[in-house]
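Me: I am new to this structure and would like a close look at one part of it. Could you pick a helix and the strand beside it, and walk me through what surrounds them?

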Amino acid sequence: MTRQPPTDPRIRSLIDLARRQQLSRRTLLAGAGAGATALALTACQSGPRPKPTPAADRSDGDPTVRWANWAAYIDEDDDGNYPTLQAFTEATGISVDYQVAVDDNNTYYGKVKDQLALGQDIGADTVCLTDWMIARWIRFGYAQELDHANIPNLANLNPALRDPDFDPGRTYSVPWQGGFGGICWNKEAIPGGITRVSDLWDPSLKGRVGVLSEMRDTMGCIMQDLGTDIAGDWGDDEFTAAIDVFREQVDRGQVRNIKGNAYLEDLKSGDTLAAICWSGDITVINAEAGDKWEFALPVGGGTLWNDNFLVPVGSPRKSNAERLIDFYYQPEIAAEVAAWVNYITPVEGAKEAAMAIDPELAENQLIFPNADTLEQAHVFRGLTAREEQKYQTQFQSILLGV
């Protein structure tokens with residue numbers, strides 16, 4: 001059945017803007033991030049901890065909301081404006097302070113963990129972080145329980161994402177975007193391309209390889225290259241085999257940098273020619289810098305993850321944050337964002353809405369992956385507190401040596 005074009009003039013204007021700009025993307029990445037390599041914090045602490053008390057909600061008297069997010073993760077026009085946020089403000093009267101504040105899950109957590117533990121306002125009313133970090137915030141009592149009555153469009157959430165083990169029933173979190181961890185390369189410098197993670201260790205690329213500071217993506221890709229199903233039953237032996245490979249490549253100078261979103265600057269400057277990377281980022285820098293890079297899910301498998309909204313325990317504007325989340329669960333709005341960021345949207349109906357922007361967009365496997373594409377990527381299994389601390393410490397010890 002053909003989906004009829006939306007009649008809401010605000011949504012129509014967004015679609016028209018996307019057509020005019022031919023899905024152009026922001027130049028923010030040119031200045032984003034000054035390097036994300038830093039000491040990550042361990043995932044557990046000994047003994048029980050008291051959970052902080054959520055802040056009182058004063059949204060009714062304060063029509064603002066502060067949103068902390070990653071770079072290149074929302075639609076932006078050529079003038080540096082965020083069209084969908086402007087539409088949200090026009091529709092609700094709530095102004096948005098949009099903060100490009102997250103470069104890496106651990107480094108962001110390190111900045112705010114002490115305030116969270118005290119139940120204080122961290123300067124953001126909603127934050128988008130990855131599944132495993134969301135699980136930590138929920139476990140420690142750092143996220144406020146959401147009122148689903150304020151998020152009626154949550155009915156559009158993909159059924160596969162409605163009941164994760166870290167947040168049954170989506171009591172505290174709601175997906176923002178998902179994506180793949182895989183490999184990329186400079187097509188001019190490596191015209192033959194690469195197909196698997198071990199190709200990054202070719203001597204011809206010595207000192208020109210980048211990897212992510214997100215342990216689950218870098219180690220997940222390496223583990224799968226060694227034949228481990230990261231979603232399955234594995235333990236210390238499999239992780240140790242992969243960390244040994246990683247340590248060897250760092251020690252011998254094969255790996256140049258280990259970074260969060262700032263890894264894109266190394267690709268654009270030519271400091272690195274190939275990397276373990278995130279899927280949507282490569283589309284963004286290709287749009288900005290001339291279609292020089294290729295992304296692929298490697299032989300052996302890539303990683304699959306979601307970033308999620310949550311409301312920090314100290315936020316005094318929970319209702320405003322819930323209205324923001326609800327706005328982005330309209331299929332037409334979700335499609336507009338997907339057209340720009342090129343990550344997997346969690347919103348049912350967005351694929352049909354994307355047809356109004358660009359029919360090819362609706363067939364993009366990085367945004368609307370089919371079953372065959374999804375079979376090539378896996379979710380890093382949940383870790384116990386002991387595993388989280390041990391594996392992250394091993395990974396960080398290598399990261400800090402770079």
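Reply: Here is a walk through helix H4, strand E3 and some side-chain pairs elsewhere in the chain.

A word on the source comes before the details. This is a predicted model, in which local features need pLDDT of at least 70 and side-chain atom pairs count only at pLDDT 80 or more, while totals for chains, interfaces and linings use all residues. Residues are numbered from 1 along each chain as its sequence is written, and side-chain values use heavy atoms, with hydrogens and water left out.

The pLDDT, the predictor's confidence in each residue from 0 to 100, averages 89 over the protein, and 88% of the residues score at least 70. Over residues 1–46 the pLDDT is below 50, although this stretch has 110 contacts in the model beyond near neighbours in sequence (a contact means heavy atoms within 4.5 Å). Where pLDDT is low, the predicted coordinates should not be read in detail.

Now to the helix. Helices (H or I, at least four residues) and strands (E, at least two) are DSSP runs, numbered from the N terminus. Helix H4 spans residues 131–140, and nine of its 10 residues are buried. Buried means under 20% relative accessible area, with exposed over 50% and partly exposed in between (1.4 Å probe, protein chains only). The buried residues of H4 are Asp131, Trp132, Met133, Ile134, Ala135, Arg136, Trp137, Ile138 and Phe140. They pack against helices H3 (105–117), H5 (215–225) and H14 (385–399), and against strands E3 (126–130), E4 (173–186) and E9 (302–310). Just after H4 comes Gly141, with a positive phi of about 80°.

One of those helix residues, Arg136, lies over the face of Tyr109, at 4.8 Å from the ring centre. For a charge to sit over a ring, NZ of Lys or CZ of Arg must be within 6 Å of the ring centre and within 35 degrees of the ring normal.

Strand E3 is largely enclosed by the rest of the structure, because five of its five residues are buried. In a regular strand the side chains alternate between the two faces of the sheet. Here Thr126, Cys128 and Thr130 are buried on one side of E3, and Val127 and Leu129 are buried on the other. Two strands pair if DSSP finds at least two bridges between them. E3 pairs with E1 in the parallel sense over two bridges, and four bridges join E3 to E9, which run antiparallel. Val127 appears in both pairings: Ala68 has Val127 as its bridge partner in E3, and Val127 stands opposite Leu310 in E9.

Aromatic rings are worth a look too. The structure holds 22 aromatic pairs; rings of Phe, Tyr and Trp (its six-membered ring) pair if their centres lie within 6.5 Å, and planes under 30 degrees apart count as stacked, over 60 as edge-to-face and the rest as tilted. The rings of Tyr73 and Tyr343 are edge-to-face, because their planes stand at 85°, with the centres 5.3 Å apart. Both Tyr73 and Tyr343 are buried. Trp176 and Phe309 also form an edge-to-face pair, with centres 5.3 Å apart and planes at 70°. This pair links Trp176 in strand E4 to Phe309 in strand E9, 133 residues apart, and both residues are buried.

Finally, the cysteines. A search of the whole structure finds zero disulfides, a disulfide being a pair of cysteine sulfur atoms within 2.5 Å. The sulfur of Cys184 is 3.2 Å from the closest cysteine sulfur, in Cys277, which is too far for a bond.
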